[in-house]
Amino acid sequence: MYSLIDPENADTREFDGEAPTLLDIGSDLDAERMRPSVWHYRKGEENAYHRQDEQEELYVVLEGTVDVTIEREDRRDVVKLTPGEVLVVPPESWRQLRAAEESRVLVVGAPNVEDDGILEE
């Protein structure tokens, strides 16, 4: 009927280097058509510069401030996101999030495609 989780109770995954921590809410929610996650960034941390193969991604800043670099063809923008602001990035656009301060970001990818990210070579 529905799934409910407090992100504080989600399994976490740490990554090497200056990468954010994943609060894996998607595994517990069993969403079929979207891929939700919450990312916890310490000040200065950033995710990998990447794009998606199929997924459109929605970003909602829950706490803090993040700078999102978005590139497509020969256009590059840096968007500052603060709590409550929402951004959607299409699959073909390269993107990277960097925390201006300690932050939490809800990321929802759709469709729910596992390992859809493509890293820059």
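This briefing describes the overall build of one protein chain, then its sheet, and then the surroundings of a single proline. The structure is a predicted model, and every value below was computed from it. The chain has one helix and eleven strands, and six of those strands form an open sheet. Pro 20, which is found in the loop between strand E1 (12-13) and strand E2 (21-23), serves here as a close-up example.

**Overall build**

- Read from the N terminus on, the elements run β-β-α-β-β-β-β-β-β-β-β-β, so that the one helix comes after two strands and is followed by nine.
- A compact globule with 121 residues would have a radius of gyration near 14 Å, and because the chain has 14 Å, its value agrees with that expectation.
- Along its principal axes, the C-alpha trace spans about 45 × 30 × 30 Å.
- Of the 121 residues in the chain, 40% are buried.
- If one takes the contacts between residues at least 6 apart in sequence, 69% of them join residues that are at least 24 apart.

**Surface and charge**

- The accessible surface of the chain comes to about 7,700 Å², and carbon and sulfur atoms account for 44% of that area.
- The chain carries 13 positive and 31 negative charges, and the mean positions of these two sets are 4 Å apart.

**The six-stranded sheet**

- Strands of a sheet pair through backbone hydrogen bonds, and this pairing can be either parallel or antiparallel.
- In this chain, the six strands of the open sheet follow the order E1-E2-E3-E10-E5-E8, with antiparallel pairing.
- The edges of that sheet are formed by E1 and by strand E8 (86-89), each of which pairs on one side only.
- E1 and E2 run antiparallel and are joined by two bridges; within this pair of strands, Thr 12 has Leu 23 in E2 as its bridge partner.

**A closer look at Pro 20**

- Pro 20 lies in the loop that leads from strand E1 (12-13) to strand E2 (21-23).
- Is Pro 20 buried or exposed? Its relative accessible area is 2%, and because buried means under 20%, Pro 20 counts as buried.
- Leaving aside residues up to four places away in sequence, Pro 20 touches Phe 15, Trp 39, His 40, Tyr 41, Glu 45, Glu 46 and Asn 47.
- Pro 20 and Lys 43 are 23 residues apart in sequence, while their C-alpha atoms are 9.6 Å apart in space.

Notes:
Residues numbered from 1 in each chain as written. Predicted model: local features only at pLDDT ≥ 70, side-chain atom pairs only at ≥ 80, totals over all residues. Heavy atoms only, no water. Helix = DSSP H or I, 4+ residues; strand = E, 2+ residues; numbered from the N terminus. Buried < 20%, exposed > 50% of the residue type's maximum accessible area, 1.4 Å probe, protein only. Contact = heavy atoms within 4.5 Å. Rg over C-alpha atoms; globule rule 2.2 N^0.38 Å. Areas by Shrake-Rupley, 256 points an atom, 1.4 Å probe, with all protein chains shown as cover. Lys, Arg positive; Asp, Glu negative; His and termini not counted. Charge placed at Lys NZ, Arg CZ, Asp CG, Glu CD. Pairing = 2+ DSSP bridges.
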